[in-house]
Amino acid sequence: MSEQLAFGRLVASLSPWLEQLVFVGGWAFRLYRLHPGAEVPAYRPVVTLDADVAFAKGERLEGNIRARLLDTGFVENLMGNHRPPVSQYTLGDDTSGFYAEFLTPLTGSGRRRDGEPMATVARAGVTAQRLRHLDLLLEAPWRVRLGADWGLAPDTSVRVPNPASFLAQRLLIHDQRPPGKKAQDILYIHDTLELFGGQLDVLGRLWRDALAPTLHTRQQRALLQTIDTVFGRLDDRIRDAAAIPADRELNPERMRQMCRLALGDILE
């Protein structure tokens, strides 16, 4: 089964909750090509096998997502030493390596009164990882439509982060990412800016009017500082990002300049 059809199976399984869930991470980037405002290039998107499904901290999720996933062919795998443990869901008849996991924002100190990290939370039968800056991805989400190519009805749609939130969140978590993920995130940023090159004014207004006011002043400063740190000069992170695609040649310096200018138009 292709990863696209596997993702469609996940969407079908989660259909009762699609109005409360946002698909984030690498799959959001891939789904951006389905948005009417995207300028779809000839090259293929970066492939990711893990589908990150996010919900708001106070979201009321009625029913049992875990039971629904198990009934529709997914297998639960419990990971790590957290309490409760992280839950991942794979398709029992799929060999592509596709899997899904759930995420929710981490706010406050991130620790319980006894000092133990608040890394996970159980909701609607599944365990979600708590992550910093995830709440930004849940603000003003966009909607994309899937269809028969995904094994779904033509009117099926899902929510994804708006691109301004996606770009800003990638920058805010940059320092915490391992080296390989930093390069991948830079490529995501570059390719997202190419996809929505004709929408920079729209994204800039969305950022200034609806998104930037949700950030603390220190978060806004950290965001601008990261833009300068990552794209202010050419370094190995950008060179590594340019080397990732096998189906095109990217000039690292041109990549750096484009990202710096376009991010400035949207986020500054």
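**Exercise 1.** Classify Glu268 by its relative accessibility and find its salt-bridge partner.

*Solution.* Step 1: Glu268 has 47% relative accessibility and counts as partly exposed; the classes are buried under 20% relative accessible area, exposed over 50%, and partly exposed in between, with a 1.4 Å probe and protein chains only. Step 2: the partner is Arg260, whose side chain meets that of Glu268 at 3.1 Å, N to O. A salt bridge here is a side-chain nitrogen of Lys or Arg within 4 Å of a carboxyl oxygen of Asp or Glu.

The model is predicted: local features need pLDDT of at least 70, side-chain atom pairs count only at pLDDT 80 or more, and totals for chains, interfaces and linings use all residues. Residues are numbered from 1 along each chain as its sequence is written, and side-chain values use heavy atoms, with hydrogens and water left out.

**Exercise 2.** Determine how far apart Arg239 and Asp236 lie in helix α8, and give the accessibility class of each.

*Solution.* Step 1: helix α8 covers residues 236–243, and the two residues are separated by about one helical turn because they are 3 residues apart in it. Helices (H or I, at least four residues) and strands (E, at least two) are DSSP runs, numbered from the N terminus. Step 2: the closest N and O atoms of the pair are 3.0 Å apart, and a salt bridge forms. Step 3: Asp236 is exposed at 53%, while Arg239 is partly exposed at 40%.

**Exercise 3.** Describe the salt bridge between Asp235 and Arg237, then place it among the others in the structure.

*Solution.* Step 1: the N to O distance is 2.9 Å. Step 2: Asp235 counts as buried at 11% relative accessibility, and Arg237 as partly exposed at 21%. Step 3: the structure holds 13 salt bridges. A network of them links Arg170, Arg177 and Asp185.

**Exercise 4.** Locate Ala183 and list its contacts beyond four places in sequence.

*Solution.* Step 1: Ala183 belongs to helix α5, residues 179–195. Step 2: the residue is buried, at 6% relative accessible area. Step 3: with neighbours within four places left aside, Ala183 contacts Arg237, Asp240, Ala241 and Ile244; contact means heavy atoms within 4.5 Å.

**Exercise 5.** Compare the radius of gyration of the protein with the globule rule.

*Solution.* Step 1: the rule is 2.2 Å times the number of residues to the power 0.38, with the radius taken over C-alpha atoms. Step 2: for 268 residues a compact globule would be near 18 Å, and the protein has 18 Å, which agrees. Step 3: buried residues make up 51% of the 268.
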